Every structure is written in structure tokens, then in C-alpha cells.
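Student: I have a model open and would like to talk it through with you. Could we go through it piece by piece?
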Amino acid sequence: MADSKYITLVSGEGFEFVVLREAALVSPTIKGMLRSQFIEARTGRCTFPEISAHVLEKVVDYFHYWYRTREQEDVPDMEIPPEMCLELLMAAEYFNLDSKNPLRERE
Amino acid sequence: MAPVLYEVSRQTRQRRISHNISAHQIRLDADARRRAAQNEQGDQVDENNQSNDQTSVTTPATTPAVSASPAPVPATRGRRAAAAANTQDEEAREKEQKAIEKIKASKKFQKRKRYLDSDGEDDLARALLQSSAPLPGQQENCENCGTRFTVTAYSRNGPNGGLLCSPCSKEASKDDAAKSKKPKRATGGAVGKRRQVQSNILDGTYSLGAKSLMTLCIETLAKNIDLAEDLGDLPSPIIDKIARKLSKHRLLDSRTLSLFLQPTAEEVHVYDGAKLSSDDFIRIFQTVPGLKKLKIRNGIHFKDQVMDYLMSRHIELEDLYLHGANLISEAKWKEYLQKKGHSLRSLRVYFTDKHFTDGVLELLSTTCPSLTRLKVSHNQAVTGAGVAAIAQIPTLRHLTLDLRNEPHSDIYVDLLSHIGAHLKTLSLTRVRDADNTVLDAIHTHCRALAKLRITESEEMTDAGFVRLFKDWANPGLEFVDLQKCRQLDSAHPRENPDGLGLCSNGFRALMAHSGKKLRELNVHGCRHIGADAFEDVFSPAAATGRVYEAMAKLEISFCEEVTDFVVGCVFRTCPRLRELNVFGCMKVRDVRVPRGKILVGVPNARGMVIEGDDDEEEEDEEMDTSA
């Protein structure tokens with residue numbers, strides 16, 4: 001099956017987020033899940049039982065924000081509400097969205 | 001004016017219901033306009049909409065349209081209410097008339113009247129009536145919640161012109177504050193943006209695209225750190241990042257320190273302890289009993305009493321990094337090493353004025369049997385005797401010295417002959433008097449070096465460097481910093497007959513020996529490296545088959561011979577290169593930088609130009625700067 005342009009991310013509560021595949025690939029975690037023989041790769045559907053919907057929503061926000069601004073210099077920062085900062089930090093760690101991530105470096 | 005507005009709005013409402021405009025509609029509109037004009041002429045005091053409606057119904061002479069309107073039901077209903085409204089209306093009018101009289105008599109009115117003719121008098125009086133609110137000290141009903149309150153000079157006006165009681169005005173000002181806060185702009189226009197980009201390049205934080213989510217979170221957290229009670233069970237690398245970010249803004253104080261002290265931790269890094277007191281440092285040892293690695297920068301109040309406490313506990317530090325703790329006395333250093341030195345593997349001491357002395361270094365060989373890393377930086381007390389004592393520490397693998405006193409080269413030679421064979425790091429900063437004998441000693445003794453730094457030597461010569469790197473049994477170095485090893489003669493700056501400093505041949509020998517493995521090279525200010533040497537070393541891979549795979553950072557600032565061609569060659573032969581510094585290379589004029597690489601210090605106003613498909617954009621920017 002040819003890879004679809006979109007993939008579905010599912011939160012702990014079962015909320016589904018349909019995300020542009022290329023945008024979601026910024027996360028090495030998701031990239032790993034979508035590789036080769038895993039079931040996620042076949043269905044294009046990744047479930048994250050330990051991540052709640054409002055955090056996943058913000059992460060998805062970030063994916064698209066990253067995708068939109070990936071060619072720009074001096075990008076304005078994305079707003080992050082202080083109250084969900086810690087949760088989001090955990091999620092960022094989980095999704096491996098670190099600046100030292102080699103995938104983020106340009107080929 | 002009010003009646004006209006009212007009529008129009010009613011018309012539009014009707015129109016919205018019928019969804020189209022009929023001839024009847026148009027006639028109604030015209031009637032409404034005519035009536036409005038009449039109302040104005042009649043000089044009636046029709047202040048509010050309701051009274052106007054009633055008046056127009058009760059005086060048939062002025063309201064032909066309404067009586068002829070196709071909706072008689074509202075009209076009759078209006079007539080029924082008319083009687084009551086009429087009396088109400090009259091009362092209101094009387095009241096107003098009285099108020100106007102009063103205003104006309106007032107001083108304020110007399111003053112203003114001077115500029116008006118008699119026609120404007122009534123209007124002015126009415127305007128003043130509207131604006132005149134109860135004076136401070138009087139009672140008034142709040143416009144918003146209706147409660148009765150005492151008017152003060154600070155009472156606010158509500159949205160409809162009335163006054164607000166104090167709880168309501170607080171609410172109102174809160175709303176105002178939220179509204180007036182404008183969204184912050186990321187940068188200020190084209191020039192501001194360009195400036196920001198250049199600033200990022202210099203900071204080394206330049207990258208295309210957005211910041212990582214983690215960075216964004218950490219920045220937000222640092223901004224709101226006063227809200228945080230506890231960082232929860234975040235992984236320690238993240239906590240470390242938060243700590244770094246906080247220190248950047250000098251936000252680490254007694255309160256925020258607690259966030260980073262986890263009882264189970266083995267490491268505590270305080271990147272900026274300038275606001276911490278001695279008690280805070282003691283608290284670190286109280287909260288984290290299993291501490292193994294301690295790093296404190298700007299720990300001014302890390303003094304004798306803290307050392308005393310540390311010695312009284314069962315904490316066996318393996319790694320101690322102290323920066324700026326110059327209140328610890330020499331006696332206390334010695335005491336500490338004698339009591340706790342046996343567990344120390346790494347000791348790094350920066351900026352400790354006069355108290356970290358030769359005597360302390362002499363103790364190390366006996367008290368610290370497992371010391372592998374020693375760094376003494378910005379030290380004014382240590383002399384040759386102390387350096388000679390370091391030679392007695394056979395376990396040492398990493399040695400960094402940045403001393404203000406300058407020991408003789410013989411001392412270094414002796415040091416290297418003792419411990420050189422196993423050294424992985426040798427860093428000698430600001431060694432003006434060190435000469436070729438040191439280089440020869442490195443050549444003879446060192447077999448495991450990966451990092452070498454010798455800076456600001458005025459004695460070493462090109463031939464010395466050639467001897468060092470030629471047929472050296474040491475494997476290729478990964479990090480080389482030979483900055484400012486050059487001839488310094490202000491009378492004859494161009495001539496260098498003795499070949500002082502790192503020159504062409506030394507550079508060729510260095511790259512021949514270590515080029516393949518070098519990750520970072522710094523030859524800042526080695527002015528006598530010639531263009532031919534650069535071209536030989538970095539000439540395109542096709543010709544010589546040379547590629548410097550590992551090279552990530554290259555600093556060739558103030559090497560006069562670097563040209564556009566050399567820079568282009570560097571980009572071609574160093575595929576992994578991230579950053580190239582060319583400050584003061586005045587022959588670099590117009591290089592296109594490949595995507596993903598950074599060229600810092602280009603001597604023109606435009607800065608770095610990225611090679612690639614967005615040339616048009618770059619040209620736009622150029623125009624912006626010239627404008």
C-alpha cells in the first residue's frame with residue numbers, strides 16, 4: 001500500500017488527530033514507529049495511551065508550526081500556555097523533539 | 001440624531017425579515033427620513049428611543065408614516081402604553097430642564113459660553129448635563145451592578161457613561177489591561193530581522209526553521225519559574241537544561257534552587273550561584289546526600305564554612321567544579337584534600353585568586369590517588385613549583401592550565417616526560433614563554449593525546465611545529481587550538497625571518513597528521529600561514545583525494561591570506577562543517593555559503609549569504625539594507 005499523505009495520532013482518551021505525515025516525521029519517535037514492519041507503518045495510525053488529548057493537540061500544533069516554518073529564518077516562537085508547560089515538556093521528551101536531534105539538521 | 005438612528009435600525013430589521021427591498025420599503029424609508037427631519041426641527045427633547053417612539057405615535061401631525069404603516073398591532077399596543085409613558089416622559093423632561101437651568105447658572109458653563117453664540121447655548125448645556133457626573137463624596141448607583149456607593153475621584157466611567165463602584169471598576173480595568181496589551185512582534189522590520197539573524201549566527205544558535213518543542217517549553221518555563229512549585233519527575237537532562245536556561249537570566253536564587261535539588265540525584269549543577277548564600281550551598285549537601293558531582297559557577301559564597309560543612313558530611317565527591325569561589329582559604333583547601341581527596345577523580349578550579357596555591361597542588365599527588373582530570377584556570381598563585389608537583393600525579397589523563405605566572409618551558413618538559421604518555425588532554429593557555437622544547441617533549445612522550453591546546457606562544461617556531469607533527473606516533477588529534485601562536489613585532493609586523501608561530505609548513509604538517517580526525521581546529525591569528533598552504537590543505541578533493549570527514553568547526557579568523565577561494569575549498573573538503581569563522585579575513589568578500597553551514601564574521605554589511613534556491617529573497621534583503 002502506498003503511504004498516505006496523512007497519518008492518524010490517537011490520544012489516551014481516544015481522540016484522533018489527522019496530521020500531515022511529513023510534519024509528524026519531525027519526531028524521531030513517530031518516524032521510528034512508521035518505519036518498516038511495525039503495525040503503525042501499515043495502518044498509518046499511532047496510538048499514545050499515556051498522552052492526553054490536550055497535550056497531543058499542542059504537539060500536533062507544533063508539528064504543523066514546525067512544518068510551516070521549516071525554511072524560514074528567525075521564526076516567531078509558538079505560544080505555550082505556562083500551565084501545560086511541564087506536561088508538554090514530558091511529551092517533547094517522549095517524542096524526542098530535542099534540538100540536538102540529528103534529523104532536524106539539514107541534509 | 002438619536003431618532004434617525006433608531007428608525008434606520010428598525011428599517012434594517014424589517015428588511016432582514018423580508019429579505020428583499022420592496023417599493024413599500026422604500027416609501028417607509030423616505031417617510032422615516034422626513035419624520036426625522038421634522039423631529040429635529042421641532043426641537044423636541046427626545047433623548048431616549050422609547051420616548052421618541054411614543055411621541056411620534058401620540059402626535060399624529062408628525063407621524064403620517066406610522067399611522068399608515070401596514071402593522072397596526074404594534075401601533076395600538078404603543079398607544080395603550082402611551083399614557084403612562086407620557087407622564088414619565090414629561091417628568092423626565094422637567095427634570096432635565098431643571099438640570100439644564102442649573103448648569104446654565106454654573107461657572108463652568110459661563111466660562112465656556114463666552115466662545116459660543118446664543119444658539120449653541122442649549123446644546124452646550126445639554127452636553128454638560130451628559131458629562132456631569134456626581135461629584136466625589138456623593139452617592140451614586142453603580143452602572144454595572146446597581147449597588148449604591150460613594151463616588152470618589154478615582155471612580156471609573158462605565159461603558160454607557162455612568163459611574164462604576166470599586167469592585168466593578170477593578171474588573172473593568174482588568175479587561176482594559178488585557179485589551180491594551182499588544183501582541184509582541186518577533187522582530188522589528190526588515191533591518192531588525194536581519195540584525196537578529198546575524199546575532200543568532202554569532203551566538204551559534206542560528207538555524208533554519210522553528211526551535212525545538214523542548215526549547216520552547218523550557219523557555220516558557222524559565223519565564224514562569226515563579227509559578228513552578230515542583231518540577232516533578234522530569235528526566236535529569238531536561239532539568240539540567242532548565243537550570244542552564246535559568247542561569248542565563250540569572251534567575252537562580254534560594255527559592256528556585258530547591259527545584260533542582262532532588263534527594264536521589266548524584267549530580268548538582270549550579271550554573272550561576274551569584275545569588276546564593278552560604279546557607280544555600282549548605283542546603284545542597286543537606287538535601288542531596290548521595291552527591292557525587294558538584295558543579296558551581298559564580299559560587300562566591302562557597303566559602304570556608306561551606307567547606308567545613310561538606311567535610312562534616314558523608315558526601316564523597318568525585319567531581320568538584322568550582323568557579324569564582326575565591327573566599328576559600330588555602331588552609332581549607334588543604335584540609336579538604338586531606339579529608340576527602342581520596343574519592344576525587346576530577347578537580348576543576350577557576351578564578352580563585354591567591355588561595356589555590358602551589359602548596360595545594362603539591363598535596364594532590366598524595367591525597368588524590370584516583371585523580372584523572374585537573375584544571376586550574378585563571379590562577380594567580382600557582383608557579384613553576386606547583387606545575388612541577390603535578391608531574392607526580394601518574395593517574396592524570398586530562399590537564400588544563402591557565403596560569404598568570406609563567407613557568408619556564410623546562411618545567412613543562414619535565415611534566416610531560418613524567419605523565420605525558422597517558423595524557424588525553426593537554427591544554428596550556430597563554431604560555432608566552434613556552435618554546436620548541438615543549439613541542440619536542442610532546443612529540444617524544446605523548447601517545448594518547450586527542451585534545452591539544454597551546455595558545456599565545458611567542459617563542460615556538462614553524463620548524464618546531466613541523467617537528468611535532470612529522471612522524472608523530474600519537475594518533476590523529478580531534479581538537480587542536482593553536483590560536484595566536486605568532487610573531488609579535490609591531491615594528492616589522494610583516495616580516496617573520498625566524499618563522500615564529502604556526503606558519504605554512506607547520507599547518508601543512510598538522511593537517512597531514514591529524515586532518516582526518518580533526519573535529520575542531522582553531523588557528524585564530526596565525527597570520528603567517530600562507531595562501532598556498534591553505535590551498536594545498538583544502539584544495540578540492542578531486543585533485544588530491546583529501547576530505548576532512550570529521551571537521552565540524554573551523555576557526556581561521558585573522559589569517560590574512562584566506563580568500564574567497566580558500567573558503568569555498570573549505571566548504572567543499574569539509575562535508576560535516578557546521579561553522580567557519582573568518583573574522584578579519586579581509587580578502588573574503590563574496591562567498592556563497594552552502595545550506596546548513598554557517599560562515600561567521602564576513603567583513604561586509606550583508607553578512608552571510610546562503611547558497612541555494614532563494615536568491616531572490618536574498619536580493620530583497622540586500623535592497624532593504626541599502627535603503
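Tutor: Let us begin with residues 136–173 of chain B, where the chain is 21% helix and 16% strand and the end C-alpha atoms are 20 Å apart. Please keep in mind throughout that this is a predicted model.

Student: What feature does UniProt place at residues 136–173 of chain B?
Tutor: An unreviewed UniProt entry places "domain: DNA repair protein rhp7 treble clef" there, at residues 136–173 of chain B.

Student: OK, changing topic to the two chains: how many residues of each are in contact?
Tutor: On the chain A side 28 residues are in contact, and they meet 34 residues of chain B. The area buried between chain A and chain B is about 2700 Å², with 65% of that given by carbon and sulfur atoms. Within chain A, the residues that lose the most area to chain B are Glu73(A), Asp74(A) and Leu89(A), which together give 25% of what that side buries.

Student: And how many salt bridges are there between chain A and chain B?
Tutor: There are two salt bridges between chain A and chain B, and one salt bridge is formed by the side chains of Asp77(A) and Lys211(B), at 3.2 Å from N to O. Six residue pairs are in polar contact between chain A and chain B, counting pairs with both residues at pLDDT 80 or more.

Student: Which helices of chain A supply the side that touches chain B?
Tutor: Helix 4 (53–68) and helix 5 (85–94) of chain A each supply at least two residues of that side, and helix 5 of chain A gives the largest share, seven residues. By kind, the residues of the side of chain A that touches chain B are 16 nonpolar, three polar and nine charged.

Student: Let's move into chain B. Is Ser346(B) buried or exposed?
Tutor: Ser346(B), which lies in strand 6 (residues 346–350) of chain B, counts as buried because its relative accessibility is 6%, under the 20% cut-off. Its side chain makes a polar contact with the side chain of Asp319(B), at 3.4 Å. Leaving aside neighbours within four places in sequence, Ser346(B) is in contact with Glu318(B), Asp319(B), Leu320(B), Leu371(B) and Arg373(B).

Student: Back to salt bridges, how many does the structure hold over all chains?
Tutor: The structure holds 28 salt bridges over all chains. One of them joins Glu458(B) and Arg432(B), with the closest N and O atoms 3.8 Å apart. That pair links distant parts of the chain, 26 residues apart, since Glu458(B) is in the loop between strand 10 (451–454) and helix 20 (462–469) of chain B, and Arg432(B) is in the loop between strand 9 (425–428) and helix 19 (436–445) of chain B.

Student: What about Glu456(B), which residue does its side chain meet in a salt bridge?
Tutor: The side chain of Glu456(B) meets that of Lys484(B), at 4.0 Å from N to O. Glu456(B) lies in the loop between strand 10 and helix 20 of chain B, and Lys484(B) in the loop between strand 11 (479–481) and helix 21 (504–514) of chain B, so this salt bridge ties together parts that are 28 residues apart in sequence. Glu456(B) is buried, with a relative accessible area of 17%, whereas Lys484(B) counts as partly exposed at 25% relative accessibility.

Student: Which residues do salt bridges with shared partners join into one network?
Tutor: The network consists of Glu406(B), Arg432(B), Glu456(B), Glu458(B) and Lys484(B).

Notes. Residues are numbered from 1 along each chain as its sequence is written. Chains are lettered from A and ligands numbered from 1 in the order in which they are written. This is a predicted model: local features need pLDDT of at least 70, side-chain atom pairs count only at pLDDT 80 or more; totals for chains, interfaces and linings use all residues. Side-chain values use heavy atoms; hydrogens and water are left out. UniProt positions are given in the numbering used here, feature names are shortened, and annotations may be inferred rather than shown by experiment. Helices (H or I, at least four residues) and strands (E, at least two) are DSSP runs, numbered from the N terminus. Contact means heavy atoms within 4.5 Å. Buried area is the accessible area (1.4 Å probe) that two parts lose on being put together, summed over both. A polar contact is a pair of N or O atoms within 3.5 Å; within protein, one must be able to donate a hydrogen and the other to accept it, and residues adjacent in sequence count only if both atoms are side-chain atoms. Ala, Val, Leu, Ile, Met, Phe, Trp, Tyr, Cys and Pro count as nonpolar, Asp, Glu, Lys and Arg as charged, and the others, Gly among them, as polar. Buried means under 20% relative accessible area, exposed over 50%, partly exposed in between (1.4 Å probe, protein chains only).
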